[in-house]
Amino acid sequence: MVFMPCQARQTFWTQLSLLSLVAWFTPTFIGLLQGPWGDPRNAHGPLILLLALGLLGAGLRREWSRPLDCAFHLAPWANRIGFSGLALLGVALFAVGRSQNIPALELGALSPILAAWLLAIHGWALVRRQWFALLLIVLSAPLPAVVVDSVTQPMKMGRLWWQTTCFMH
């Protein structure tokens with residue numbers, strides 16, 4: 001076995017894991033672009049996803065300008081437990097979303113998988129710094145119309161009450 005310094009080993013695995021994530025989620029993105037994101041009701045989804053990935057990329061560029069610390073060697077127990085939990089959650093969400101044809105779960109799996117990836121690279125500190133980008137990825141998933149209607153129903157009823165009370169008298 002050839003000994004490689006931590007930074008070289010992490011760079012190789014970082015690039016390989018990013019490439020595999022792109023290959024894994026490409027069918028999901030294509031399906032969303034041809035399906036829900038093609039509808040004007042959900043057309044904001046790809047823009048939010050691009051914004052989230054841009055924020056994530058900017059944060060990683062800042063982070064990679066610092067020396068790597070091999071997160072698994074600093075706190076192996078906490079990082080490995082967290083990595084395993086996040087990765088299993090992401091894979092389970094992806095499997096259920098893909099098998100049941102639920103695009104929100106399928107795309108929602110990207111956030112815990114990326115969080116596990118960030119945890120493996122730099123530890124919990126990087127995951128905490130990238131919370132907003134990870135949340136935006138979840139919000140880019142198209143929600144079913146039943147969920148959107150039930151959430152927005154009180155606002156619609158309030159607007160109707162306001163119109164009938166204030167403008168009809």
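Biologist: In which helix does A52 lie?

Modeller: The model discussed here is predicted. In this model, the place of A52 along the chain falls within a helix, namely α2.

Biologist: Is A52 buried or exposed?

Modeller: A residue counts as buried when its relative accessible area is under 20%. For A52 the computed relative accessible area is 0%. Because that value meets the cut-off, A52 is buried.

Biologist: Leaving aside neighbours within four places in sequence, with which residues is A52 in contact?

Modeller: One partner, A133, is 81 residues away from A52 in sequence, yet the C-alpha atoms of the two are 4.7 Å apart in space. With neighbours within four places in sequence set aside, the contacts of A52 are A133, L136 and I137.

Biologist: Where is L55 placed, and is L55 buried, partly exposed or exposed?

Modeller: L55, like A52, belongs to helix α2. The relative accessible area of L55 is 36%. Partly exposed covers values between the 20% limit for buried and the 50% limit for exposed, so L55 is partly exposed.

Biologist: Which residues form the nonpolar patch on the surface, and what accessible area do they have together?

Modeller: L51 and L55 belong to this patch, as do W131, F132, L135, V138 and L139. Together, these residues have an accessible area of about 660 Å².

Biologist: Which helix supplies the largest share of the nonpolar patch?

Modeller: Two helices, α2 (45–64) and α8 (131–139), each contribute at least two residues to the patch. The largest share amounts to five residues, and the helix that supplies it is α8.

Biologist: How is α2 oriented relative to α6?

Modeller: In α2, L49, L53, L56, L60, E63 and W64 meet residues of α6, among them L110, L114 and W117. The axes of α2 and α6 (residues 110–122) come within 13 Å and cross at roughly 5°. Angles under 35 degrees count as roughly parallel, and therefore α2 is, with respect to α6, roughly parallel.

Biologist: What pattern does the protein follow along the sequence?

Modeller: The protein has nine helices and zero strands. Read along the sequence, its pattern is α-α-α-α-α-α-α-α-α.

Biologist: What percentage of the 169 residues count as buried?

Modeller: The protein exposes about 10,700 Å², and carbon and sulfur atoms supply 73% of that area. Among contacts between residues at least 6 apart in sequence, 73% join residues at least 24 apart. Of the 169 residues, the share that counts as buried is 31%.

Notes:
Residues numbered from 1 in each chain as written. Predicted model: local features only at pLDDT ≥ 70, side-chain atom pairs only at ≥ 80, totals over all residues. Heavy atoms only, no water. Patch = residues over 30% accessible without salt bridge, like charges linked within 9 Å, V, L, I, M, F, W, Y side chains within 5 Å. Areas by Shrake-Rupley, 256 points an atom, 1.4 Å probe, with all protein chains shown as cover. Salt bridge = Lys/Arg side-chain N within 4 Å of Asp/Glu carboxyl O. Helix = DSSP H or I, 4+ residues; strand = E, 2+ residues; numbered from the N terminus. Buried < 20%, exposed > 50% of the residue type's maximum accessible area, 1.4 Å probe, protein only. Contact = heavy atoms within 4.5 Å. Axes fitted to C-alpha atoms, helices over the stretch in contact; angles between N-to-C directions. Parallel < 35°, antiparallel > 145°, perpendicular 65-115°, else oblique.
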